[in-house]
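This report goes through selected local features of one model, residue by residue. The sequence and the structure come first.

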Amino acid sequence: MELIDYTLGGILEKWVREQPDHEFMIYPDRGLRFSYKEFDERVDIFAKGLLAIGVRKGSKVGVWAKNVPDWMTLMFATAKIGAVLVTVNTNYKAAELEYIMKNADIHTMCMVNGYRDSDYVQILYDLVPELKTLPRGHLHSERFPELRNVVYIGQEKQRGMYNTSELMTLGSLTDDAMLSEAKAQVGCHDEINMQYTSGTTGFPKGVMLTHYNVVNNGKAIGDCMDLSTEDRMMIQVPMFHCFGMVLAMTASVTHGVTMSPIPAFSPRLGLDCINKEKITCFHGVPTMFIAMLNHENF
C-alpha cells in the first residue's frame, strides 16, 4: 500500500483544485449542501477566526458535540493552522469533562447546547464560573489554567462564550496572510488529533495522532472499501470517535467522496438518507444494522 504525505488540510485543498463544484457535504435533514470549494472557503474563515482568538500551532481545541455540520468545519480548520483537536465523548458528564480538560490542557473548548439529558452549557458554567464574569478574550480559570476560550457551536448567545457567527465574523476580518503563515508551518508529521481511550484499565489516556496517521488510516480504509468520487457516504457513527472521524470522514475526503452525516443515529433518519441521497456506503455497529433492518420503513 502506498502512503501519502498530505496534511488533512492539504488533501481537502487537493480536491478543491480537482473538483471544486463536486458535492462535499449534505445534511438531508436540514437542506444544507456544500461543494468542496464552498466548504473549504468556510473552513478558511473559521480557521482565521480561531487564529483571531489566540489559537496557534499546538493549541489544544476541544470539540464536545454530536454530528453537527460545524464539527467537520472545526476538524479541518484546526488541521490547517496546526492546532490539536481533542475529541470529547458526547456522553460525558461533568467529572469526565473536567478530567479531559485538565489532562489535555484545553486552550479552547467548542460545544453545542447539549445531548440527551446533558446540558453542556450549564456544565461549562459550573466548571468555569469565570465565564459569567470575565469578558471574552480575557478568560482566566482557576481550575483550568490553560483555558482561554469557549465557543458555542450555534447562533444563540451564551454569556462569556463566542458563538459560531461571531467567530466567522472575526475570521472574515482577519488578514489572509495570517492563515497562509500558519498553514506554512504545518507538516504531515505534526500532531493533529488527541483521542481518549475508554479507560477500561484505568484513567482514559490521550492518544496523540499526526496528520500522517489520520490521513493514511483513512486512505487505507477507503482503498479497502474501493471508494471513489462517485460514492456517497452516510455518516451515522459518532464523529468524536475514530469510527466517524477517520473511518468515515477521512476515508471519504482522501477519495473525493460526498458525505451525508446525520446528527445522531436514528434508523428512520438513516433509512431516509440512504433513499433520498442515493447513499452507496455507510458504517455502523450490529445494533444499528438490526434497528434499521427491523424498522417499519425498511
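Leu293 belongs to helix 11, which covers residues 286–293. In this predicted model, Leu293 is exposed, with a relative accessible area of 51%. That value puts Leu293 in the exposed class because the class begins over 50%. Together with Phe289 and Phe298, Leu293 makes up a nonpolar patch on the surface. The accessible area of the three residues together is about 330 Å².

**Salt bridges**

The structure contains 20 salt bridges. Three of them are listed below with the N to O separation.

| Positive residue | Negative residue | N to O distance |
|---|---|---|
| Lys93 | Asp117 | 3.0 Å |
| Lys157 | Glu166 | 2.9 Å |
| Lys219 | Asp223 | 2.8 Å |

Which parts of the chain does the pair of Lys93 and Asp117 tie together? Lys93 sits in the loop between strand 4 (84–87) and helix 4 (94–104), and Asp117 in the loop between strand 6 (114–115) and strand 7 (118–119), so the salt bridge connects parts that are 24 residues apart in sequence. Lys93 is partly exposed at a relative accessible area of 36%, whereas Asp117 is exposed at 67%.

Lys157, which pairs with Glu166, is exposed, with a relative accessible area of 68%.

The bridge between Lys219 and Asp223 lies within one element: both residues are in helix 8, four residues apart, about one turn of the helix. Is Lys219 buried or exposed? Lys219 is buried, with a relative accessible area of 15%; a residue is classed as buried because its value is under 20%. Its partner Asp223 is partly exposed, at 35%. Elsewhere, Glu13, Asp40, Asp44, Lys80 and Lys183 are joined into one network by salt bridges that share partners.

**A buried charge without a salt bridge**

Glu130 is located in the loop between helix 5 (120–127) and strand 8 (149–152). Glu130 is buried, yet this residue has no salt bridge. How far away is the nearest side chain of opposite charge? That side chain belongs to Arg143, 7.5 Å away. Since a salt bridge requires the nitrogen and the carboxyl oxygen to be within 4 Å, a separation of 7.5 Å does not qualify, and therefore the pair is not counted as one.

The side chain of Glu130 does reach a backbone atom: the nitrogen of Glu142, at 3.1 Å. Glu142 is also among the residues that Glu130 contacts when neighbours within four places in sequence are left aside; the others are Leu139, His140 and Ser141.

**Val214 in helix 8**

Helix 8, which holds Lys219 and Asp223, spans residues 211–224 and also includes Val214. Val214 counts as buried, with a relative accessibility of 1%. Which residues does Val214 touch, not counting those up to four places away in sequence? The contacts are Ile192, Leu209, Val246 and Thr250. Val214 and Cys188 are 26 residues apart along the chain, and their C-alpha atoms are separated by 9.7 Å.

**Asn89 and the loop after strand 4**

Asn89 is placed in the loop between strand 4 and helix 4, where Lys93 also lies. The relative accessibility of Asn89 is 23%, which counts as partly exposed. With neighbours within four places in sequence set aside, Asn89 is in contact with Trp64 and Phe240. Asn89 and Met178 are 89 residues apart in sequence, and the C-alpha to C-alpha distance between them is 32 Å.

**Positive phi outside glycine**

Arg116 has a phi near 55 degrees, a positive value in a residue other than glycine. Arg116 is in the loop between strand 6 and strand 7, the loop that also holds Asp117. At 69% relative accessibility, Arg116 counts as exposed.

For Lys278, phi is likewise near 55 degrees, again a positive value in a residue other than glycine. Where is Lys278 found? Lys278 is in the loop between helix 10 (267–276) and strand 14 (281–282). The relative accessibility of Lys278 is 61%, and this residue counts as exposed.

Methods
Residues numbered from 1 in each chain as written. Predicted model: local features only at pLDDT ≥ 70, side-chain atom pairs only at ≥ 80, totals over all residues. Heavy atoms only, no water. Patch = residues over 30% accessible without salt bridge, like charges linked within 9 Å, V, L, I, M, F, W, Y side chains within 5 Å. Areas by Shrake-Rupley, 256 points an atom, 1.4 Å probe, with all protein chains shown as cover. Helix = DSSP H or I, 4+ residues; strand = E, 2+ residues; numbered from the N terminus. Buried < 20%, exposed > 50% of the residue type's maximum accessible area, 1.4 Å probe, protein only. Lys, Arg positive; Asp, Glu negative; His and termini not counted. Polar contact = N/O pair within 3.5 Å; in protein donor to acceptor, adjacent residues only side chain to side chain. Contact = heavy atoms within 4.5 Å.
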